[in-house]
Amino acid sequence: MEKPSVSSVSSASRVERNAARQLLFAQATAGTLERGQNLFHVGEACDTLWLVDSGRLRLVSVLPDGRELVRDVVSAGETIGMALLVDGAAYPYTAQALDDVEYRRVSRQQVLDLVEHQPFVALAILQAMSVKLRQANERNAMLAQKNPLVRLAAFLLERSARLQSESIELTVDDLGAACGMRRETASRKVGELCDLGLVERVGQSGIRIVDKAGLQRLAGRV
């Protein structure tokens with residue numbers, strides 16, 4: 001018997017993931033946020049799975065010294081709360097809208113009921129959690145870099161891969177908070193990457209990668 005190709009298996013997995021998402025959010029409640037509003041706050045119990053339909057949210061926590069740390073920036077098509085939903089843990093961050101946001105939400109109980117009756121949904125959730133874990137590991141490796149220029153290069157590559165775009169829209173404040181550096185340092189390092197011909201500024205808060213291979217070499221990805 002001929003074995004299915006890798007591409008056919010991958011396509012089947014994508015179909016199942018899309019079907020699982022449609023089932024998960026079939027009974028969802030829709031909502032909106034204005035820029036600057038919070039979706040939830042640190043310490044609140046995670047009893048909801050969120051899907052961002054448009055806009056972006058930053059997941060931010062405050063360090064003991066008062067500085068903000070941006071744990072992640074969630075864009076359209078991505079979910080929030082998948083891993084925390086399993087045991088109902090408290091949110092370790094606050095979700096704040098960077099743009100006007102449209103979202104959908106389903107309760108923890110709705111998700112658990114669906115998993116009980118549709119096993120392939122459980123598999124899709126495990127796959128999504130695996131992706132989130134890999135992203136978290138990449139982020140931890142990025143933050144462990146002592147060289148801020150290398151740290152910034154690694155962050156831009158990770159964001160580009162997630163967005164499937166060479167353009168990244170983030171303010172210098174959020175860029176610095178995401179990379180564990182002060183605003184002034186972030187601005188200076190972006191300038192250095194521009195001088196090296198690896199990126200270019202676009203508008204007031206945009207960065208476009210123009211030499212991906214060079215950025216990968218700088219970040220130690222090749």
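**Why these labels fit**

Me: D173 and R183 are paired in this model; what makes the pair a salt bridge?

Reply: The closest N and O atoms of D173 and R183 are 3.1 Å apart. A salt bridge needs a side-chain nitrogen of Lys or Arg within 4 Å of a carboxyl oxygen of Asp or Glu, so the pair of D173 and R183 qualifies. D173 sits in helix α6 and R183 in helix α7 (residues 183–195), so the bridge ties together parts that are 10 residues apart in sequence. Helices here are DSSP runs of H or I with at least four residues, strands are runs of E with at least two, and both are numbered from the N terminus.

Me: Good to know. What should I keep in mind about the model itself?

Reply: This is a predicted model, in which local features need pLDDT of at least 70 and side-chain atom pairs count only at pLDDT 80 or more, while totals for chains, interfaces and linings use all residues. Residues are numbered from 1 along each chain as its sequence is written, and side-chain values use heavy atoms, with hydrogens and water left out.

Me: Why is D173 called partly exposed?

Reply: Its relative accessible area is 46%. Buried means under 20%, exposed means over 50%, and partly exposed is in between (1.4 Å probe, protein chains only), so D173 falls in the middle class. R183, at 44%, counts as partly exposed too. Elsewhere, salt bridges that share partners join D72, E78, E158 and R162 into one network.

Me: How do you know that α6 and α7 are roughly perpendicular?

Reply: Their axes come within 8 Å and cross at roughly 100°. The axes are lines fitted to C-alpha atoms over the stretch in contact, with angles from 0 to 180 degrees between N-to-C directions. Under 35 degrees is roughly parallel, over 145 roughly antiparallel, 65 to 115 roughly perpendicular and the rest oblique, so α6 and α7 are roughly perpendicular to each other. V172, D173, L175 and G176 of α6 make the contact (heavy atoms within 4.5 Å) with R183, A186, S187 and V190 of α7.

Me: What makes R104 and D53 a salt bridge, and which strands hold them?

Reply: The closest N and O atoms of R104 and D53 are 2.9 Å apart, which meets the salt-bridge rule. R104 lies in strand β8 (residues 101–107) and D53 in strand β3 (residues 48–54), so the pair ties together parts that are 51 residues apart in sequence. R104 is partly exposed at 28%, and D53 is partly exposed at 33%.

Me: How do you know that R58 and D174 form a salt bridge?

Reply: Their closest N and O atoms are 2.7 Å apart. This pair links distant parts of the chain, with R58 in strand β4 (residues 57–62) and D174 in helix α6 (residues 172–179), 116 residues apart. Both R58 and D174 are buried. By the salt-bridge rule the count comes to 11.

Me: Why is C179 not bonded to C194?

Reply: The sulfur of C179 is 14 Å from the closest cysteine sulfur, in C194. A disulfide is a pair of cysteine sulfur atoms within 2.5 Å, so C179 and C194 are too far apart for a bond. A search of the whole structure finds 0 disulfides. C179 is buried, with a relative accessible area of 0%, and C46 is buried at 1%.

Me: Why is S75 called buried?

Reply: S75 has a relative accessible area of 9%, so it counts as buried. S75 is found in the loop between β5 (68–74) and β6 (79–80). Not counting residues up to four places away in sequence, S75 touches V52, G55, R56, R159 and L163.
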